[in-house]
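The following exercises are to be worked with the sequence and the coordinates at hand. Each task is followed by a solution in steps.

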Amino acid sequence: MGNITDDIRQHFDTFAELPFTEADSLALSQLAYARMPDNVPRYHENAETADGMIATVPIHDLLRAECYDDMFGKVWSPSMNVDLLRAMSESPRWRNLRVGAYVDEFDAETTKQFSACVFELGNGTLYVAFRGTDSSIVGWKEDFMMAFRRPVASQEAAARYLTELAGHWAGPIMVGGHSKGGNLAVYAAANVPSEIQERITVVYSHDGPGFDEAFFDEDGYVRIASKIHKSVPGSSIIGMLFETREHVEDGYTVVSSDGASIMQHFALNWQVERGEFVHAGGLSASSRYLARTINGWMAKFDDEHRRRFIENLFAVLEAGGYDTFGELTSHWTQSLPVMLAAVRGIDAEDRDVMADVLKGFAATAATSVIATKQ
């Protein structure tokens, strides 16, 4: 038992021998975090071949040591991501994989952070992958914001991207992503024309934020709902945002993770055995508590009040003195008193719930640390 990289190195089944799994989707979703080197065809610039198909390059063309810093320097554990790339390039299951249609857009004015690419599996199937957020606290802020504001610019871009790419692919399509990428995958699949939805075989959201209740009543979502697979780690926080089902395990795969606290979110900490996720016993008590606290509070207020709350929450998290959640978790006992002090400057009506959120983070951290020592 290990993570997806370990599993790829240990088992060599082809797709003909072992059909595509949720763990395969997680591998591609994690690879989509890479800032692709210049040899990968760009979306719109050189996205098509002469016959109108999608231009791609073999996965092993990404094996450029001089590019690794640029490719993985902004994601959690660059070395683990390089390891995943190497393992996939060497594996009989993945060595025919091709990548293309890469896009990476940022617009500070609209707070648009959007990136995606496509992977040809070599068996006639196209996987459209949307990138999630990086390890920074600022990056995670968008996950919280998009849980109640719809559509955001990146969601609109995702639907447009999927629609245009489907026009250059005649075969079956899979869609997926991790974190924000999972939210974008579901949103895009629900907002493309029905004829494209018919060609989508499955949609994967790996610990992606949820949506408001109105989204689930829309015709586009109803048509695609049965094809959506959501997976979350046992101490999920991001994946539980705006989740309203009482018994979430009935609809999700809850995955065992080696990570502590927020680091359970990191896909390369998720446990895999022979192409399948290792199931956890269910969501942790701290994850459920934090979800109830955040989602219950959000349901009471309008968008403007929620926006102010999220701005204040992340100002408090940043007061902890660290730029990433990994660093914050590692120094939680030093950071928490500083953050709780910063809460005192928040309006009284929001102060109590914000303190509960911070205590929920702390409880998740403590529970996860204890679990890793057992």
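**Exercise 1. The largest cavity**

How many nonpolar, polar and charged residues does the lining of the largest cavity have?

*Solution.* The model is a predicted one.

Step 1. Begin with the inventory: the structure holds four cavities of 30 Å³ or more, and the largest cavity contains about 140 Å³ of space. Rolling a probe the size of a water molecule over the atoms shows where such empty space is left.

Step 2. Identify the lining. It consists of 15 residues, and those nearest the centre of the cavity are D7, I8, D24, R93 and G275. Helices α1 (4-10) and α2 (22-31) each contribute at least two residues to this lining.

Step 3. Sort the lining by class: seven residues are nonpolar, three are polar and five are charged.

**Exercise 2. A residue in the loop between α1 and α2**

Determine whether D13 counts as buried or exposed, and list its contacts outside the local sequence.

*Solution.*

Step 1. Locate the residue: D13 is found in the loop that lies between α1 and α2.

Step 2. Apply the cut-off. Buried means under 20% relative accessible area. D13 has a relative accessibility of 18% and therefore counts as buried.

Step 3. Set aside neighbours within four places in sequence; D13 then has contacts with L18, R93 and R274. One of these, R93, is also among the residues nearest the centre of the largest cavity.

**Exercise 3. The surroundings of strand β4**

Which strands pair with β4, and in what sense?

*Solution.*

Step 1. Take β3 (residues 112-120): this strand pairs with β4 in the antiparallel sense, over five bridges. Within this pairing, V128 of β4 is the bridge partner of V118.

Step 2. Examine the connection. β3 and β4 form a hairpin with five residues between them, and G122 in the turn has a positive phi of about 90°.

Step 3. Turn to β5 (residues 173-178), which pairs with β4 in the parallel sense, again over five bridges. Here A129 has G176 of β5 as its bridge partner.

Step 4. Assess the burial of β4. Five of the five residues in this strand (residues 126-130) are buried. In a regular strand the side chains alternate between the two faces of the sheet. In β4, L126, V128 and F130 point one way, Y127 and A129 point the other way, and all are buried.

**Exercise 4. A residue in helix α7**

Which residues are in contact with N183 once its neighbours within four places in sequence are left aside?

*Solution.*

Step 1. Place the residue: N183 belongs to helix α7 (residues 180-190).

Step 2. Check its exposure. The relative accessible area of N183 is 0%, so this residue is buried.

Step 3. Collect the contacts: M146, Q155, S205, G208, P209, G210 and F211.

Step 4. Add a distance. Y204 is 21 residues from N183 along the chain, and their C-alpha atoms are 9.2 Å apart.

**Exercise 5. The chain and the confidence of the model**

What is the mean pLDDT of the chain, and where does pLDDT stay under 50?

*Solution.*

Step 1. Describe the chain: it has 15 helices and ten strands, and 60% of its 374 residues are buried. Of the contacts with a separation of 6 or more, 74% join residues 24 or more positions apart.

Step 2. Read the confidence. The mean pLDDT is 86, and 87% of the residues reach 70 or more.

Step 3. Find the exception: over residues 366-374 pLDDT stays under 50, and the model has ten contacts beyond four places in sequence for them. Where pLDDT is low, the predicted coordinates should not be read in detail.

Definitions and conventions:
Residues are numbered from 1 along each chain as its sequence is written. This is a predicted model: local features need pLDDT of at least 70, side-chain atom pairs count only at pLDDT 80 or more; totals for chains, interfaces and linings use all residues. Side-chain values use heavy atoms; hydrogens and water are left out. On a 1 Å grid over the protein atoms alone, a cavity is a set of points where a 1.4 Å probe fits but cannot get out, and a pocket is an open set with protein on both sides within 12 Å along at least five of seven lines; lining residues have an atom within 4 Å of a point. Grid points are joined across faces, edges and corners, and a volume is the space filled by probe spheres set on the points. Helices (H or I, at least four residues) and strands (E, at least two) are DSSP runs, numbered from the N terminus. Ala, Val, Leu, Ile, Met, Phe, Trp, Tyr, Cys and Pro count as nonpolar, Asp, Glu, Lys and Arg as charged, and the others, Gly among them, as polar. Buried means under 20% relative accessible area, exposed over 50%, partly exposed in between (1.4 Å probe, protein chains only). Two strands pair if DSSP finds at least two bridges between them. pLDDT is the predictor's confidence in each residue, from 0 to 100. Contact means heavy atoms within 4.5 Å.
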